[in-house]
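I opened a fresh page for this chain and meant to write down what I looked up, one topic at a time.

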Amino acid sequence: MSFFHCPLGPIGRSGIQEQRDQWERKRSRTARELVETEQQYCQQLELVTTFFVKILNAKGTLKQDIREGIFSSIEAIHSVNRSLLVHLENGYIGKGFDQFCAHLHYYSTYVDNIYNASKVLGIQLRKNKAFRRFKKLQEARPEFNSSNLEDLLQLPIKRIDQYKHFLQDITANTSPNDPEFEQLSNVVAAVSTVSQRIQDNARRHENHLQLCRVQKLLKGQKTKVLAAGRWYIREGWLKMVPPKGAEAKPKMFFLFSDILLQAKPCSSLHPTSGDKFSGQYAYPLQDCAVEKVFGHTRSQGGLLSLTFPKTKLLLMSNNQEDLNDWYQSLSTAVGNLQSKQTVIYQRDELRRRPLCSTTDVTNMASRKRNVDIGETSERAPQPGVEQECSAPKRMKQCGAPQQRHEEMSTSSCVIL
């Protein structure tokens, strides 16, 4: 059987041309919308730089560090986007964004400071009467069109996400043979990186707020929830089944990425802590084993078994869905911890070096022979034996106490 290349007829060519025309229409429509929104965006940035940043610099109402804490790199962003707008209005999308990406670090700086900016602005509005009055007068100008400073400061964050979607649509409707295609593809990757940075910062900020909320729920300062690298996962009531068959008592549990915190409610008669909890135990999840004892079917509730090196917990819930969520959350947290531990061990093995080199052992043996010159040659130290014996002894002396301390700190629960 042989195949022959059949040239496309008028119908085939018209179908391909129609598809190309459709791509071009979509691209033009998206490009036009990009230019219109960029014009509006630059006007809004100019409101901030003209009526706030420059006037505040001239009047000295705020100190320089406070001004930088609120406005960060917004002046540089405004300058970069004015240049971008000129290219977009002339139809040079790829070239314009290619130059824009060289200045994306201004956006990265702004993104990293946005939550601090909101905090500093709030403090100044509460404590600085002159700035509060100045802000109110500026926002009353007709140019602001009822916009306030808080909303305008969020614009660069929102704009990055808009750029991402605009550029993805334009790239998708650009032919790979187009000279701008490679430029646009690189720009999409660069802008997506900053967009991901915004999302990561938002997650970290939300996690910090959750940790602060849980810390305020706990009575006193003995139980420390705020810790570097700790992530809040969930919280809720679970019944704790005692080992000797007594009545199961409800306890409040807070699950984090590295510990499970058990707490009990404070007395409702307490004048200041009636709505708080008292921390009882903190169980490290690193060496925990999670098992669903029963609750595999659609029955009412179930029982979870948490096994630690020195204790065991039986947690019960009458809600099947809630029990499944707890089981999934606990299993995921334990699995993530153990996988990180495995990676750390592998890196330590790769980085481990001998405690003594052959040259060091030879020098040690020579010094010892000089000191013991009166002894017979039969008792002289042998370099091979010295290397075999000294290294394990050093490891035992230096490593054993630390190992015992780490085992005690990570394996057993902490009584709060």
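The entries below run from the whole chain to single helices, rings and residues.

**Entry 1, the chain as a whole.** I noted at the outset that I am working with a predicted model. I looked up the secondary structure and found that the protein chain comes to 12 helices and eight strands. I then turned to burial, and of the 416 residues of the protein chain, 35% count as buried. For the surface I wrote down an exposed area of about 26,300 Å², of which carbon and sulfur atoms supply 52%. I also checked the contacts in the protein chain with a separation of 6 or more, and residues 24 or more positions apart account for 62% of them.

**Entry 2, helix α6.** I went to helix α6, which spans residues 129–139, and listed F131, F134, K135, Q138 and E139 as its buried residues. Looking down the axis of α6, I found that these buried residues fall within an arc of 125°, so they line one face of the helix. On the face turned away from that buried side I recorded the exposed residues K129, R133 and K136. At the start of α6 I noted that a side-chain oxygen of N128 reaches to within 3.2 Å of the backbone nitrogen of A130.

I stayed with one residue of this helix, Q138, which lies in α6, and asked what its relative accessibility is and whether it is buried or exposed. The value is 7%, and because buried means under 20% relative accessible area, Q138 counts as buried. Leaving aside neighbours within four places in sequence, I found Q138 in contact with F51, F52, I55 and F144.

**Entry 3, rings around the same region.** Which residues do ring pairs link into a cluster? I wrote down F51, F52, F71, F134 and F144. In this list I recognised F134 as one of the buried residues of α6, and F51, F52 and F144 as contacts of Q138.

**Entry 4, the loop after α6.** I checked the backbone in the loop between α6 and α7 (149–153), where N145 lies. N145 has a positive phi of about 50° although it is not a glycine, and I recorded it as exposed, with a relative accessible area of 63%. S146 lies in the loop between α6 and α7 as well, and S146 has a positive phi of about 70°, again without being a glycine. The relative accessible area of S146 is 74%, and I therefore entered S146 as exposed.

**Entry 5, helix α4.** For helix α4, residues 93–101, I listed the buried residues as I93, G94, G96, F97 and F100. They cover an arc of only 165° around the axis, which puts them on the same side of α4.

**Entry 6, aromatic pairs and charges over rings.** How many aromatic pairs does a search of the whole structure find? I recorded 13. Among them I looked up F254 and F277, which form an edge-to-face pair with 6.2 Å centre to centre and 80° between the planes. F254 lies in strand β2 (residues 249–256) and F277 in strand β4 (residues 277–284), so this pair ties together parts that are 23 residues apart in sequence. Both partners went down as buried, F254 at 0% relative accessibility and F277 at 11%.

I then searched for charges over rings and noted that the charged end of R230 sits over the ring of F256, 5.9 Å from its centre. I also noted K95, which lies over the face of Y92 at 5.9 Å from the ring centre.

**Entry 7, S329.** I closed with S329, which lies in helix α10, residues 320–351. With a relative accessible area of 19%, S329 is buried, a value I set beside the cut-off of under 20%. Where does the side chain of S329 reach? I found that it reaches the backbone oxygen of D325, at 2.9 Å. Leaving aside neighbours within four places in sequence, I recorded S329 in contact with I233, R234 and L255. For S329 and L255, which are 74 residues apart along the chain, I wrote down a separation of 8.3 Å between the C-alpha atoms.

Methods
Residues are numbered from 1 along each chain as its sequence is written. Side-chain values use heavy atoms; hydrogens and water are left out. Buried means under 20% relative accessible area, exposed over 50%, partly exposed in between (1.4 Å probe, protein chains only). The arc is that of the directions from the helix axis to the C-beta atoms. A polar contact is a pair of N or O atoms within 3.5 Å; within protein, one must be able to donate a hydrogen and the other to accept it, and residues adjacent in sequence count only if both atoms are side-chain atoms. Rings of Phe, Tyr and Trp (its six-membered ring) pair if their centres lie within 6.5 Å; planes under 30 degrees apart count as stacked, over 60 as edge-to-face and the rest as tilted. A charge sits over a ring if NZ of Lys or CZ of Arg is within 6 Å of the ring centre and within 35 degrees of the ring normal. Contact means heavy atoms within 4.5 Å. Accessible areas come from the Shrake-Rupley method with a 1.4 Å probe; for residues, only the protein chains shown count as cover.
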